Amino acid sequence: AAVYGQTAPSPTSPWVSPGKYTIKLTVDGKVYTQPLTVLMDPRVKTPALELKKQADRSIACYNNINAISATLNDVKLLHKHIADLEAKATGAALPNLQDADKNLSALEGGPSRSKVVSFSQLKATYKSLMNLMQESEMPVPTQVSTAVAQADGDFAKLNTQLSTIKKGIPNN
């Protein structure tokens with residue numbers, strides 16, 4: 001049952017696949033382990049290969065969510081670095097730094113419901129796709145697979161754009 005104020009509003013990571021696991025708990029330097037077997041719901045008739053595809057795609061989305069979170073943290077540090085450089089900038093360096101900061105902001109995220117792809121928008125997309133795949137034990141629909149592939153392509157483009165911006169920032 002949900003505990004008021006202590007229940008995640010939506011899944012925060014993929015479900016574990018059926019299999020044998022070892023649970024590890026460390027308390028005050030002492031390690032406790034316990035074997036655990038997760039069984040598939042016997043009502044589920046989806047082939048194991050399809051369930052593996054679902055799990056693999058869900059984990060890939062989850063890993064990309066984490067990577068985007070790290071990237072957004074890096075972008076915040078870059079904004080601070082640019083602000084420090086702007087305070088000392090002279091000549092043509094100042095407009096270049098201002099452009100870099102503006103371009104970083106665009107990659108970081110625009111207004112909600114914006115059609116422009118950004119890291120923030122892409123993070124929300126990956127969360128939605130992961131949640132869709134985790135809602136049932138059915139094969140992943142073609143539309144979801146297509147959307148994941150599109151998000152992966154957008155993520156690669158954003159990372160390329162970010163690398164280009166970073167190259168133009170001194171001492172980076």
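**From the core to the surface**

If we set aside the neighbours within four places in sequence, Phe119 is in contact with Ile68, Thr71, Leu72, Leu107, Glu108, Phe155, Leu158, Asn159 and Leu162. These contacts, like everything described here, belong to a predicted model.

Phe119 also has a place in a wider grouping, for the largest nonpolar core holds 27 residues, and within this core Phe119 and Tyr126 touch the most other members. Two or more residues of this core are given by each of helix H1 (48-88), helix H2 (93-108), H3 and H4, and the largest share, eight residues, comes from H1. As a general background to such a grouping, nonpolar side chains tend to be buried together in soluble globular proteins.

From the core we can turn to a loop, the one between helix H3 (119-134) and helix H4 (142-167), where Pro141 lies. Is Pro141 buried or exposed? Its relative accessibility is 41%, and because this value falls between the limits of 20% and 50%, Pro141 counts as partly exposed. Although Pro141 and Gln54 are 87 residues apart along the chain, their C-alpha atoms are separated by 9.7 Å.

Finally, the surface itself deserves attention, since nonpolar residues are found there as well: Val16, Tyr21, Ile23 and Leu36 make a nonpolar surface patch of about 320 Å². Among these residues, Val16 has its place in the segment before strand E1 (19-27), and with a relative accessible area of 48% Val16 is partly exposed.

How values were computed:
Residues are numbered from 1 along each chain as its sequence is written. This is a predicted model: local features need pLDDT of at least 70, side-chain atom pairs count only at pLDDT 80 or more; totals for chains, interfaces and linings use all residues. Side-chain values use heavy atoms; hydrogens and water are left out. Helices (H or I, at least four residues) and strands (E, at least two) are DSSP runs, numbered from the N terminus. Buried means under 20% relative accessible area, exposed over 50%, partly exposed in between (1.4 Å probe, protein chains only). Patches are made of residues with over 30% relative accessible area and no salt bridge: like charges are joined within 9 Å, nonpolar side chains (Val, Leu, Ile, Met, Phe, Trp, Tyr) within 5 Å. Accessible areas come from the Shrake-Rupley method with a 1.4 Å probe; for residues, only the protein chains shown count as cover. A salt bridge is a side-chain nitrogen of Lys or Arg within 4 Å of a carboxyl oxygen of Asp or Glu. A nonpolar core is a set of buried Ala, Val, Leu, Ile, Met, Phe, Trp, Tyr and Cys residues joined through side-chain atoms within 4.5 Å. Contact means heavy atoms within 4.5 Å.
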